[in-house]
Amino acid sequence: MELKVIAFDADDTLWVNEPYFLNTEKKFCSLLEDFLPQHTISNELFKIEIENLSLYGYGIKGYILSMIEAALKISDKKIGMAAIELILEYGKEMLNEPIELLDGVDNVLETLKQHYRLVVATKGDLLDQERKLKKSGLSHYFHHIEIMSDKREDDYIKLIKHLDINPGEFLMVGNSLKSDVMPVLNIGGHAIHIPFHTTWAHEHIETNLTHDNFKQAESLNEILPYILA
């Protein structure tokens with residue numbers, strides 16, 4: 001690989017994220033279990049989340065609005081104001097969660113920064129992702145921060161042009177095959193997939209991927225031999 005830039009996804013690649021959503025979903029389902037079984041509530045919330053992505057994008061704020069909409073629909077608008085206030089509180093708790101770095105993050109970034117330009121390329125709400133990056137203490141490792149509304153091929157092409165490199169000089173590291181790997185491979189870049197133990201259903205795809213520009217790793221520490229060999 002003739003790399004110049006290595007980009008990292010943030011949520012569930014550099015720090016923990018999805019477990020906070022799962023914990024909040026459990027509380028939400030418990031709150032509404034008088035109306036429907038919890039698994040049905042979970043399915044309804046997911047459908048509304050997906051419908052709202054084009055309006056709200058990815059992130060906690062959109063999730064809060066989707067929870068409120070789902071609560072109104074599931075309860076046939078019988079849900080009380082106290083429950084709505086509780087849902088808002090769930091969202092604020094998520095926004096104030098501590099940043100828990102994944103194992104090896106500092107070591108990997110410190111090592112790779114000596115050889116490559118490092119970039120954050122992540123989806124989500126601008127203010128929330130900026131807040132998490134600041135709280136993480138990792139900002140000083142990165143040449144550029146790209147908070148994307150989505151991660152499609154066109155989005156990566158735009159980023160690569162901004163970085164003034166060719167696709168073959170770009171490596172994306174992330175936990176989502178759908179968002180972090182497939183689009184990058186499709187435009188001629190390189191990708192390393194590091195699965196996280198929980199993955200949002202919207203990001204999950206079934207595939208046995210084989211590609212000359214693709215590697216699979218079990219942890220961040222495992223990517224160093226791939227890159228520095």
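Reader: How many cavities of 30 Å³ or more does the count come to?
Author: Two cavities of 30 Å³ or more turn up. Keep in mind that this is a predicted model.

Reader: What makes such a space a cavity and not a pocket?
Author: A 1.4 Å probe fits inside a cavity but cannot get out, whereas a pocket is an open set of points. The largest cavity has a volume of about 80 Å³, and the second largest has about 30 Å³.

Reader: Which residues line the largest cavity?
Author: V16, N17, Y20, I60, M94, E97, P98, I99, R131 and K132 do. Sorted by class, that lining has six nonpolar, one polar and three charged residues.

Reader: What makes a residue count as charged here?
Author: Asp, Glu, Lys and Arg count as charged, so E97, R131 and K132 in the lining of the largest cavity belong to that class.

Reader: And what lines the second largest cavity?
Author: Its lining is made of A10, W15, V120, T122, Q129, L133, I145 and I147. The elements giving two or more residues to it are β2, α6 (126-136) and β3 (144-148). By class, this lining has six nonpolar and two polar residues, with no charged ones.

Reader: How do you know that the length of helix α1 agrees with what its residues should span?
Author: Try the arithmetic: at 1.5 Å a residue, the 14 residues of α1 (residues 18-31) should span 20 Å, and the end C-alpha atoms are 20 Å apart, so the two agree.

Reader: Which residues of α1 are buried, and what do they pack against?
Author: The buried ones are E18, P19, Y20, F21, T24, F28 and C29. They pack against three helices: α2 (38-56), α3 (60-74) and α4 (81-95). One of those residues, Y20, is also in the lining of the largest cavity.

Reader: Why is L72 put in its accessibility class?
Author: L72 has 33% relative accessibility, and since buried needs under 20% and exposed needs over 50%, L72 counts as partly exposed. You'll find L72 in helix α3.

Reader: What does L72 touch, leaving aside its neighbours within four places in sequence?
Author: L72 is in contact with K77 and I79. E146 is another story: L72 and E146 are 74 residues apart in sequence and 35 Å apart in space, C-alpha to C-alpha.

Reader: Is K77 buried or exposed, and how do you know?
Author: K77 is at 68% relative accessibility, which is over 50%, so K77 counts as exposed. K77 sits in the loop between α3 and α4.

Reader: What is notable about phi of K77?
Author: Phi of K77 is near 65 degrees, a positive value in a residue other than glycine. D164 is another case, with phi near 60 degrees. D164 is in the loop between α7 (153-163) and β4. Its relative accessible area is 68%, so D164 is exposed.

Reader: Why is β4 called largely enclosed by the rest of the structure?
Author: Count them up: five of the five residues of β4 are buried, so the strand is largely enclosed. F170, M172 and G174 point one way from β4, while L171 and V173 point the other way.

Reader: Why do the side chains of a strand split into two groups like that?
Author: In a regular strand, side chains alternate between the two faces of the sheet. You can see a split in β1 (residues 5-8) too, where V5 and A7 point one way and I6 and F8 the other, and all are buried.

Reader: What makes β1 and β4 a pair?
Author: Two strands pair if there are at least two bridges between them, and β1 and β4 (residues 170-174) have four, so they pair, in the parallel sense. V5 stands opposite F170, and I6 stands opposite L171. On top of that, four bridges join β1 to β2 (residues 117-123), also parallel, with A7 opposite V119.

Reader: Which residue in β5 is the bridge partner of G174?
Author: H193 is. β4 and β5 pair in the parallel sense over four bridges.

Reader: Is H193 buried or exposed, and how do you know?
Author: H193 has a relative accessible area of 7%, which is under 20%, so H193 is buried. Leaving aside neighbours within four places in sequence, its contacts include G174, N175, V181 and F214.

Definitions and conventions
Residues numbered from 1 in each chain as written. Predicted model: local features only at pLDDT ≥ 70, side-chain atom pairs only at ≥ 80, totals over all residues. Heavy atoms only, no water. Expected span 1.5 Å × (residues − 1). Buried < 20%, exposed > 50% of the residue type's maximum accessible area, 1.4 Å probe, protein only. Contact = heavy atoms within 4.5 Å. 1 Å grid on protein atoms, 1.4 Å probe; cavity = no way out; pocket = protein on both sides within 12 Å on 5 of 7 lines; lining within 4 Å. Points joined across faces, edges and corners; volume = space filled by probe spheres on them.
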